[in-house]
Structures are given as structure tokens and as C-alpha cells.
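Colleague: Before I use this model, I'd like to go through the labels on it and hear what stands behind each one. Could you put it up so we can talk it over?

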Amino acid sequence: MAQNSLVITEDFQHILRVLNTNIDGRIKIVNALTAIKGIGRRFATVALKKAVIDTTKRAGELTLKDLDHVIDVVQHPRQYKIPDWMLNRQRDIVDGRYQQIVSNALDAKLREDLARLRRMRCHRGLRHHWNLRVRGQHTKTTGRKGRTVGVSKKKADHGKS
């Protein structure tokens with residue numbers, strides 16, 4: 001039997017529910033954590049190493065205690081000495097905190113940021129409001145999907161002489 005083959009034991013979980021996300025228990029835990037919005041491969045690897053969990057394990061093999069420890073590391077990364085440059089929310093505009101935001105909180109923060117830009121009436125906020133490209137792309141010929149562009153020709157009346 002190969003070392004990385006899937007061996008299902010009695011306590012193996014096929015689907016885990018972690019931070020409002022369903023995770024497939026059959027894949028490696030590093031890749032499984034990336035299914036959670038706001039967690040990438042590098043952050044998942046560091047979080048597992050800080051939680052002292054073998055990165056070659058499958059997600060379904062983790063015990064509830066291990067899973068709680070990983071969730072705690074993800075939610076409080078600065079307590080586990082994860083550097084600030086790895087976090088996805090640095091120097092928050094409201095309270096100046098460094099934090100890793102995941103799952104539904106990430107969507108809420110993004111919505112708040114866009115609303116703040118719209119209230120400020122700054123260029124980025126207006127472009128978001130008008131559903132136009134924000135980062136300086138050319139829009140004369142590209143990105144026309146879903147918009148009517150050009151002049152429509154009238155049908156010629158062949159019935160009249």
C-alpha cells in the first residue's frame with residue numbers, strides 16, 4: 001500500500017464543516033483549507049505548522065481537537081506569531097488592526113469598503129458604482145459583454161415600391 005493512499009478508518013469524516021464552509025475530507029488538509037474563502041495555500045501551510053499538525057494528513061483524518069486548534073490559529077494568527085505581512089487585512093482603515101479575515105466576514109468587509117468608497121465619491125467608488133473597470137484598463141473596445149454597443153440597422157421595407 002502506498003503511503004499517501006486513502007485509508008478510511010472508523011472516525012474518518014467525508015465532509016467537514018469549518019468556518020461556514022463544507023470541506024471534502026478526502027483531500028490533503030493544506031488543499032482542503034484553501035476551500036475556505038480568505039485562506040490561500042501559503043497561509044494554510046503556516047497555520048497547520050503553527051498548530052503542529054502533519055500537512056500530509058487528509059482533512060477527514062483530523063480529530064475535533066486538531067480542527068479546533070487550526071480554527072483558533074486561523075482566527076487569531078498574531079497570537080501564534082504569524083507575521084503581519086501574511087495577513088489579508090493589514091492596518092484596517094477603521095481600527096488600524098492587523099487580522100486575517102475569512103469566510104462571511106471577508107464578504108462583509110469588502111462590502112463595507114466599497115460602500116465607504118462610494119460615500120466618499122472618490123474615483124474608485126464611482127467606477128465601482130457604475131460597474132466599470134476600476135484599475136485603469138482600457139474600456140473602449142473590451143469588456144462589452146452584456147452591454148449594447150453600436151448602431152442597429154433598420155430593416156429595409158421590401159414590400160413598398
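What follows is a chat about how the labels on this predicted model come about.

Colleague: Let's start with the overall picture. What makes up the secondary structure of the chain?

Modeller: Five helices and two strands. Going from the N terminus, the order is β-β-α-α-α-α-α.

Colleague: And why is the chain called more spread out than a compact globule?

Modeller: Its radius of gyration is 24 Å, while the globule rule gives 15 Å for 161 residues. The value is well over the rule, so the chain counts as more spread out than a compact globule. You can also look at the box that the C-alpha atoms fill, roughly 85 × 45 × 25 Å along the principal axes.

Colleague: How much of the chain is buried?

Modeller: Buried residues make up 29% of the 161 residues. As for contacts, take those with a separation of 6 or more: 45% of them come from residues 24 or more positions apart.

Colleague: On to the strands. How do you know that β1 and β2 pair?

Modeller: Pairing needs at least two bridges, and four bridges join β1 (residues 15-18) to β2. So the two strands pass the cut-off and count as paired. They run antiparallel. Within the pair, I15 stands opposite D24, and V18 stands opposite T21.

Colleague: What lies between the two strands of the hairpin?

Modeller: Two residues. L19 is in that turn and has a positive phi of about 50°. N20, which sits in the loop between β1 and β2, also gets a flag: its phi is positive, about 60°, although N20 is not a glycine.

Colleague: Why is N20 called partly exposed?

Modeller: Its relative accessibility is 49%. Exposed means over 50% and buried means under 20%, so N20 falls in between and counts as partly exposed.

Colleague: Which side chains of β1 are buried, and which are not?

Modeller: L16 and V18 point to one face and are buried, while I15 and R17 point to the other face and are not. That fits the general rule: in a regular strand the side chains alternate between the two faces of the sheet. β2 has a covered face with T21 and I23, and an uncovered one with N22 and D24.

Colleague: What makes T21 a buried residue?

Modeller: T21, in strand β2 (residues 21-24), has 14% relative accessibility. The cut-off for buried is under 20%, so T21 counts as buried. Leaving aside residues up to four places away in sequence, T21 touches L16, A35, I36 and S103.

Colleague: Then why does T45 not get the buried label, but partly exposed?

Modeller: T45 comes out at 23% relative accessibility. Buried would need a value under 20%, so T45 counts as partly exposed. T45 is in helix α2 (residues 41-50), and its C-alpha atom is 5.9 Å from that of V30, 15 residues apart along the chain.

Colleague: How do you know that H138 is exposed?

Modeller: Exposed means over 50%, and H138 has a relative accessible area of 71%, so H138 is exposed. H138 belongs to the segment after α5. Its C-alpha is 41 Å from that of K28, and the two are 110 residues apart in sequence.

Colleague: What about R121, why is that one exposed?

Modeller: Same cut-off, over 50%: R121 has 59%, so R121 counts as exposed. R121 is found in the loop between α4 and α5, and its phi is near 60°, a positive value in a residue other than glycine.

Colleague: Last one, the largest pocket. How much space lies in it, and which residues line it?

Modeller: About 190 Å³. The lining is L110, D113, L114, R116, L117, R124, H128, V134 and R135. The elements that give two or more residues to it are α4 (104-120) and α5 (123-129), and α4 gives the most, with five.

Colleague: How does that lining divide into nonpolar, polar and charged?

Modeller: Four nonpolar, one polar and four charged.

Technical notes: Residues are numbered from 1 along each chain as its sequence is written. This is a predicted model: local features need pLDDT of at least 70, side-chain atom pairs count only at pLDDT 80 or more; totals for chains, interfaces and linings use all residues. Side-chain values use heavy atoms; hydrogens and water are left out. On a 1 Å grid over the protein atoms alone, a cavity is a set of points where a 1.4 Å probe fits but cannot get out, and a pocket is an open set with protein on both sides within 12 Å along at least five of seven lines; lining residues have an atom within 4 Å of a point. Grid points are joined across faces, edges and corners, and a volume is the space filled by probe spheres set on the points. Ala, Val, Leu, Ile, Met, Phe, Trp, Tyr, Cys and Pro count as nonpolar, Asp, Glu, Lys and Arg as charged, and the others, Gly among them, as polar. Buried means under 20% relative accessible area, exposed over 50%, partly exposed in between (1.4 Å probe, protein chains only). Contact means heavy atoms within 4.5 Å. The radius of gyration is taken over C-alpha atoms; the globule rule is 2.2 Å times the number of residues to the power 0.38.
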